[in-house]
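Let's take a quick tour of one protein model together. Have the sequence and the 3D view open, and click along as you read.

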Amino acid sequence: MIAVRTLRIAAAVEAASLALLLANLLTVHARPLSGLLGPLHGTAYLVVIASTWMLPSTPTRAVRWRSVVPGVGGLLVLRGIDARREGRRWG
């Protein structure tokens, strides 16, 4: 599915960009890096939310609402979708 693939990419970008932003903040705090990573993280965050809510295979409303958790929301949604595919109950 294209939507699930989009969600996987956006979730990875969201988590990685947040980690890099925090690492930058704790070390050198380079403004050009923050200026690049900030909008990238924000865009990935919005793509995660939009693609989760448009995805027909999202198991429950609780899994959909997990998409709004900053940084790891996309990963939580993917975990819920994978759990449903495997027949486990999660969320």
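Is W53 buried, partly exposed or exposed, and what is its relative accessible area? W53 turns out to be partly exposed, with a relative accessible area of 35%. Keep in mind that this is a predicted model. W53 will pop up twice below, once with a ring partner and once with a serine.

**The aromatic pair**

- The count of aromatic pairs here comes to one.
- That pair is W53 with W65, and the two rings sit edge-to-face, 5.1 Å centre to centre with 85° between the planes.
- Why call it edge-to-face? An angle of 85° earns that name because the cut-off for edge-to-face is over 60 degrees.
- W53 belongs to helix α2 and W65 to helix α3, so the pair ties together parts that are 12 residues apart in sequence.

**S67, a serine in a loop**

- Look for S67 in the loop between α3 (61-65) and α4.
- S67 has 0% relative accessibility, so it counts as buried; the cut-off for that label is under 20%.
- Its side chain makes a polar contact with the side chain of W53, at 3.4 Å.
- The side chain of S67 also reaches the backbone oxygen of R64, at 2.7 Å.
- Skip the neighbours within four places in sequence, and S67 is still in contact with Y45, V48, I49, T52, W53, G73 and V77.

**Helix α1 and what it packs against**

- Helix α1 covers residues 2-26, which makes 25 residues.
- From first C-alpha to last, α1 reaches 36 Å, close to the 36 Å expected at 1.5 Å a residue.
- Which residues of α1 are buried? They are V4, L7, A10, A11, E14, S17, L21 and N24.
- Those buried residues pack against α2 (31-54) and α4 (73-85).

**The nonpolar core**

- The largest nonpolar core has 10 residues: V4, L7, A10, A11, V48, L55, V63, V77, L78 and I81.
- Two elements, α1 and α4, give two or more residues to this core.
- The largest share comes from α1, with four residues.
- Try zooming in on A11: leaving out residues up to four places away in sequence, A11 touches V48, G74, L75 and L78.
- V48 is worth a second click, since this core residue is also among the contacts of S67.

**The salt bridge**

- How many salt bridges are there? The count comes to one.
- R8 and D82 form it, with their closest N and O atoms 3.2 Å apart.
- This pair links distant parts of the chain: R8 is in helix α1 and D82 in helix α4, 74 residues apart.
- R8 counts as partly exposed because its relative accessibility is 36%.
- D82 is partly exposed too, with a relative accessible area of 25%.

**A glycine for comparison**

- G38 is found in helix α2.
- With a relative accessible area of 29%, G38 is partly exposed.
- How far apart are G38 and L7 in space? They are 19 Å apart, C-alpha to C-alpha, with their positions 31 residues apart in sequence.
- L7, by the way, is one of the buried residues of α1 and one of the residues in the largest nonpolar core.

Conventions
Residues numbered from 1 in each chain as written. Predicted model: local features only at pLDDT ≥ 70, side-chain atom pairs only at ≥ 80, totals over all residues. Heavy atoms only, no water. Expected span 1.5 Å × (residues − 1). Buried < 20%, exposed > 50% of the residue type's maximum accessible area, 1.4 Å probe, protein only. Contact = heavy atoms within 4.5 Å. Polar contact = N/O pair within 3.5 Å; in protein donor to acceptor, adjacent residues only side chain to side chain. Core = buried A, V, L, I, M, F, W, Y, C linked by side-chain atoms within 4.5 Å. Salt bridge = Lys/Arg side-chain N within 4 Å of Asp/Glu carboxyl O. Phe/Tyr/Trp six-rings, centres within 6.5 Å; stacked < 30°, edge-to-face > 60°.
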